[in-house]
Amino acid sequence: TYSEIKSVTFEKSGSFSVYPNPATTYSDITISTPETGNNTIRIADITGRLIFEKTIIVNDGETIKLTPLEIGLSQGIYSLTVTCANTKYSKKLIIRK
């Protein structure tokens, strides 16, 4: 005898990439989301202090350009977190001057 066949679908998950990293004058953040909607970008220093936060509407695969000097980042290591669709994604961002 055979078992009943059931289909299983997985939700598309989001992700993001940062290039170049280490960055000097700018960094492109490419965000892939399951759907268009609000996404929050947060940058914290190594102690966890929030340096930058911005909520933006992003289309799937859209690229956002960050300029470290414009948002007050000096040389160092930062935690970059993107929240989309109630899911958080984090990467290390290194700034060199």
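At 28% relative accessibility, Arg42 is classed as partly exposed. In this predicted model, the side chain of Arg42 engages Glu53 in a salt bridge, with 2.7 Å between the closest N and O atoms. The pair connects distant parts of the chain, since Arg42 belongs to strand 3 (residues 37-44) and Glu53 to strand 4 (residues 50-58), 11 residues apart. Glu53 has a relative accessibility of 43% and is likewise partly exposed.

A search of the whole structure returns 2 salt bridges. Besides the pair formed by Arg42 and Glu53, a salt bridge is found between Arg49 and Asp45, where the closest N and O atoms lie 3.2 Å apart. The partners in this second pair fall into opposite accessibility classes: Arg49, at 53% relative accessibility, is exposed, whereas Asp45, at 15%, is buried. Asp45 is assigned to the buried class because its value of 15% is under the 20% limit.

With respect to overall architecture, the protein contains 7 strands and 0 helices, and the order of elements along the sequence is β-β-β-β-β-β-β. Of the 97 residues in the protein, 33% are buried. Contacts between residues at least 6 apart in sequence were also examined; 49% of these join residues at least 24 apart. The exposed surface of the protein amounts to about 6700 Å², of which carbon and sulfur atoms supply 50%.

Note on methods: Residues numbered from 1 in each chain as written. Predicted model: local features only at pLDDT ≥ 70, side-chain atom pairs only at ≥ 80, totals over all residues. Heavy atoms only, no water. Helix = DSSP H or I, 4+ residues; strand = E, 2+ residues; numbered from the N terminus. Buried < 20%, exposed > 50% of the residue type's maximum accessible area, 1.4 Å probe, protein only. Contact = heavy atoms within 4.5 Å. Areas by Shrake-Rupley, 256 points an atom, 1.4 Å probe, with all protein chains shown as cover. Salt bridge = Lys/Arg side-chain N within 4 Å of Asp/Glu carboxyl O.
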